[in-house]
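I opened this entry to record what I looked up in the model, starting with one helix pair and then moving outward.

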Amino acid sequence: MTTPVCTSASTAATPATQTLPYPSFSSYVRARQPVLLRTARSLTANPSDAEDLLQTALTKTYVAWERIEDHRALDGYVRRALVNTRTSQWRKRKVDEFVCEELPEPEPVPAGDDPAEQQALHDAMWRAIMKLPDRQRAMVVLRYYEDLSEVQTAEVLGVSVGTVKSAVSRALGKLREDPELGLVR
């Protein structure tokens, strides 16, 4: 005995020879997937989670496909499956809470290792480097940020090793004189 999932008075009075708007489950999915995916995205924060949610709801719909008598109500059936599935996922989420006698406190950060100060120094250094002429900037970046040797830097830029040494020396002199970096010392 099958129990009808979606019925209405109008379908009971119509003859059994009526054509269904979606002759197969795959044709229904092809036709309605974009609309249903928008609904799933409104229920989740992550687009990938929305796709997974829709697939789960469509799986539930496929299992009940033969029992659904009124195919005009399929969207409502799938939307209800989406909401119910999302509610079940929300209820099952695991919350890790442990009772302890003492609250865990983060380790104190030493004065020199303050992340805000490190970021400020990093920003000031990049601003100072950006003030250098292009060639000196390229050599400083290759030497100290890319960690290339003087020989490798010379090969990359197509100059002599002596040129790299003198240009880097002049660039470091300019960086030492930069007023923004003077505050850090």
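**Helix pairs and confidence**

I began with the handedness of one pair: H6 passes H7 in a right-handed crossing. This is a predicted model, and I kept that in mind throughout.

I then looked up the geometry of the pair. H6 covers residues 134-145 and H7 covers residues 150-157. They pack at an angle of about 135 degrees, with their axes 9 Å apart. That angle makes H6 oblique to H7, because angles over 145 would be needed for roughly antiparallel.

Next I listed who touches whom. From H6, the residues are Ala 138, Met 139, Leu 142 and Arg 143. They meet Glu 150, Thr 153, Val 156 and Leu 157 of H7. Sorting this contact by class, I noted five nonpolar residues, one polar and two charged.

I turned to a second pair, H2 (residues 25-43) and H3 (residues 47-63). Here the packing angle is about 135 degrees and the axes lie 9 Å apart. H2 is therefore oblique to H3. I looked up the hand of this crossing as well, and H2 and H3 cross right-handed.

Which residues make the contact between H2 and H3? On the H2 side I wrote down Phe 25, Val 29, Gln 33, Leu 36, Leu 37, Ala 40, Arg 41 and Leu 43. On the H3 side I have Pro 47, Ala 50, Glu 51, Leu 53, Leu 54, Gln 55, Leu 58, Thr 61 and Tyr 62. The contact of H2 with H3 divides into 12 nonpolar, three polar and two charged residues.

I then stepped back to the whole chain. The protein has nine helices and zero strands, so I read its order from the N terminus as α-α-α-α-α-α-α-α-α. Of its 185 residues, 26% count as buried. I also checked the range of the contacts: among those with a separation of 6 or more, 55% join residues 24 or more positions apart.

Last, I checked confidence. The mean pLDDT of the protein is 82, and 83% of its residues reach 70 or more. Where is confidence lowest, and where is it highest? The lowest is in helix H1 (residues 9-13), at a mean of 46. The highest is in helix H8 (residues 161-177), at 93. I looked at the stretch around H1 too: pLDDT stays under 50 over residues 6-18. For residues 6-18 the model has 11 contacts beyond four places in sequence.

Methods. Residues numbered from 1 in each chain as written. Predicted model: local features only at pLDDT ≥ 70, side-chain atom pairs only at ≥ 80, totals over all residues. Heavy atoms only, no water. Axes fitted to C-alpha atoms, helices over the stretch in contact; angles between N-to-C directions. Helix = DSSP H or I, 4+ residues; strand = E, 2+ residues; numbered from the N terminus. Parallel < 35°, antiparallel > 145°, perpendicular 65-115°, else oblique. Left-handed = near helix turned anticlockwise from the far one by under 90°. Contact = heavy atoms within 4.5 Å. Nonpolar A, V, L, I, M, F, W, Y, C, P; charged D, E, K, R; others polar. pLDDT = per-residue confidence, 0-100. Buried < 20%, exposed > 50% of the residue type's maximum accessible area, 1.4 Å probe, protein only.
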